[in-house]
Amino acid sequence: MSKKEYRQVPKFIEIRLSDIKADDTRSRCKGYTVATTILDREVYPGAWLGSIYQGRWMVKPDIESIKCVMGLEHLPDHRQSP
């Protein structure tokens with residue numbers, strides 16, 4: 001990141017913490033907290049955030065499997081820095 005790009009990064013980022021109850025009996029935990037920059041609680045209630053987060057973990061094994069079959073294991077997860 002260049003100095004110019006660095007100066008454009010805000011000093012603070014407002015986040016929302018949403019406590020989610022894990023309804024899946026196979027889950028190792030009873031709940032978790034999601035941190036997001038999606039701030040509108042009326043449009044995006046906590047239950048919606050929880051379902052999106054859980055859905056992400058449902059497809060994660062499929063993505064890893066596809067990468068393996070295609071010989072692309074070296075590609076980073078989208079959340080990791082290059």
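A residue counts as buried when its relative accessible area is under 20%. By that criterion, 16% of the 82 residues of the protein are buried in this predicted model. The accessible surface comes to about 7,500 Å². Carbon and sulfur atoms supply 58% of that area.

The fold is built from two helices and two strands. Read from the N terminus, the order of elements is α-β-β-α. Strand S2 spans residues 31-36, and helix H2 spans residues 46-69. A loop joins these two elements, and Tyr-44 is found there. Contacts with a sequence separation of 6 or more were also examined. Of these, 27% link residues 24 or more positions apart.

Aromatic contacts were considered next. The whole structure holds two aromatic pairs. One is formed by Tyr-32 and Tyr-53, with ring centres 5.1 Å apart. The planes of these two rings meet at 40°, so the pair is classed as tilted. The tilted class applies because 40° is neither under 30 degrees, as stacking would need, nor over 60, as an edge-to-face pair would need. Tyr-32 belongs to strand S2, whereas Tyr-53 belongs to helix H2. The pair therefore ties together parts of the chain that are 21 residues apart in sequence. The two partners differ in their cover. Tyr-32 has a relative accessible area of 18% and is buried. Tyr-53, at 34%, is partly exposed.

Tyr-44 and Trp-48 make up another aromatic pair. Their ring centres lie 4.9 Å apart. The angle between the planes is 45°, and this pair is likewise tilted. Tyr-44 has a relative accessibility of 31% and counts as partly exposed. Trp-48 is also partly exposed, at 33%.

Both residues of this pair recur in a nonpolar surface patch. The patch consists of Ile-38, Val-43, Tyr-44, Trp-48 and Ile-52. Together these residues present about 420 Å² of accessible area. Membership requires a relative accessible area of over 30%. Tyr-44 meets this cut-off because its value is 31%. Trp-48 meets it as well, because its value is 33%.

Charged side chains were treated in the same search. Two salt bridges are found in the whole structure. In one, Lys-60 is paired with Glu-64, and the closest N and O atoms are 3.1 Å apart. Both residues lie in helix H2. They are four residues apart, about one turn of the helix. In the other, the side chains of Lys-67 and Glu-64 meet at 3.8 Å, N to O. This distance still qualifies because the limit for a salt bridge is 4 Å. Lys-67 and Glu-64 are three residues apart in helix H2, again about one turn.

Glu-64 takes part in both contacts. Lys-60, Glu-64 and Lys-67 are thus joined in a network of salt bridges. Accessibility varies within the network. Lys-60 is buried, with a relative accessible area of 17%. Lys-67 is buried as well, at 12%. Glu-64 is partly exposed, at 33%. Both lysines are classed as buried because their values fall under the 20% cut-off.

Note on methods. Residues numbered from 1 in each chain as written. Predicted model: local features only at pLDDT ≥ 70, side-chain atom pairs only at ≥ 80, totals over all residues. Heavy atoms only, no water. Patch = residues over 30% accessible without salt bridge, like charges linked within 9 Å, V, L, I, M, F, W, Y side chains within 5 Å. Areas by Shrake-Rupley, 256 points an atom, 1.4 Å probe, with all protein chains shown as cover. Buried < 20%, exposed > 50% of the residue type's maximum accessible area, 1.4 Å probe, protein only. Contact = heavy atoms within 4.5 Å. Phe/Tyr/Trp six-rings, centres within 6.5 Å; stacked < 30°, edge-to-face > 60°.
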